[in-house]
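The report that follows moves from two individual residues to the chain as a whole. The sequence and the structure come before the discussion.

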Amino acid sequence: TAKANGASEVCITDIDEKRLEMAKAVGADYTVLVKSRDGQEVARQIEEVMGQKPEITIECSGAPPSIQTAIYATESGGCVVLVGLGPADVTLPIVNASVREVDIRGIFRYVNCYPTALAMIASGKVNVKPLITHRFKLQDSVKAFETVAKGEGIKVMIHCA
C-alpha cells in the first residue's frame, strides 16, 4: 500500500519471521526481525539495513517499544504516523523528537478509508489475496480462532456461505 501511494522503498519490522517473509513476498524492500525492546537498538538496525533513516514511519502495533523505535528511526524533519492503538499512556523520547523536528501524528484508523482501500484493490494497485493465509467454513469458526490464537497465518477468513 505504501508503494502504491508513492513510497520508493519500504522497510517492515516484526517479531515474527513468517510475517516478514510475507512482507518481502508482497513487495517490502527490507525487513528487520525485532528481537529487542530497545528502541534505539532497533532503530540502528533499520538504518543499517536501509542505509539511511526513513522519512516517514508508520507504526501499526501500538506497542510502546515500537512507538519509541519509530521516533528514533525516523530522519530529522520526518514524520511518524501512529496507527496502532496500545496503552493509553506511553513513555516517548519526546526531547529526541523535538530537537530533531520529527512530527508525530495520530490517525484514527478506518475513518473514511474504505472507499480508497476498495478503489486500490479494484484497480489492482494493491493485491491483498496473498495476505489471506487460512480459510474456514462457519461451522469451523472455533478452529479459525484457535489458529489465530496460536499466531498462525496472516489473515484468517471465516466464510459465512
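## Two residues and their setting

Leaving aside neighbours within four places in sequence, Cys60 makes contact with Val83 and Gly84, in what is a predicted model. The residue belongs to the loop that runs between strand S3 (56-59) and helix H3 (64-73). Cys60 and Val81 are separated by 21 residues in sequence, while their C-alpha atoms lie 8.6 Å apart in space.

Is Cys60 buried or exposed? Cys60 has a relative accessible area of 51%, and it counts as exposed because this value is over the 50% cut-off.

Helix H3, which follows the loop of Cys60, contains Thr69. With residues up to four places away in sequence not counted, Thr69 touches Gly39, Val42, Ala43 and Ile46. The relative accessibility of Thr69 is 10%, which lies under the 20% limit, and Thr69 is therefore classed as buried.

The two residues are set side by side below.

| Residue | Relative accessible area | Class |
|---|---|---|
| Cys60 | 51% | exposed |
| Thr69 | 10% | buried |

## The chain as a whole

Which secondary structure elements make up the protein? There are six helices and seven strands, and along the sequence they follow the pattern β-α-β-α-β-α-β-α-β-α-β-α-β. When contacts between residues at least 6 apart in sequence are considered, 39% of them join residues at least 24 apart.

Taken along the principal axes, the box filled by the C-alpha atoms comes to roughly 55 × 35 × 30 Å. Of the 161 residues in the protein, 27% are buried. The exposed surface of the protein is about 10,700 Å², and carbon and sulfur atoms supply 55% of this area. As for charge, the protein carries 18 positive and 19 negative charges, and the mean positions of these two sets are 8 Å apart.

## The annotated span

An unreviewed UniProt entry lists residues 2-122 under "domain: Alcohol dehydrogenase-like C-terminal". In the model, residues 2-122 are 38% helix and 17% strand, and the C-alpha atoms at the two ends of this span lie 16 Å apart.

Note on methods:
Residues are numbered from 1 along each chain as its sequence is written. This is a predicted model: local features need pLDDT of at least 70, side-chain atom pairs count only at pLDDT 80 or more; totals for chains, interfaces and linings use all residues. Side-chain values use heavy atoms; hydrogens and water are left out. Helices (H or I, at least four residues) and strands (E, at least two) are DSSP runs, numbered from the N terminus. Buried means under 20% relative accessible area, exposed over 50%, partly exposed in between (1.4 Å probe, protein chains only). Contact means heavy atoms within 4.5 Å. UniProt positions are given in the numbering used here, feature names are shortened, and annotations may be inferred rather than shown by experiment. Accessible areas come from the Shrake-Rupley method with a 1.4 Å probe; for residues, only the protein chains shown count as cover. Lys and Arg count as positive and Asp and Glu as negative; His and the chain ends are not counted. The place of a charge is taken as NZ of Lys, CZ of Arg, CG of Asp or CD of Glu.
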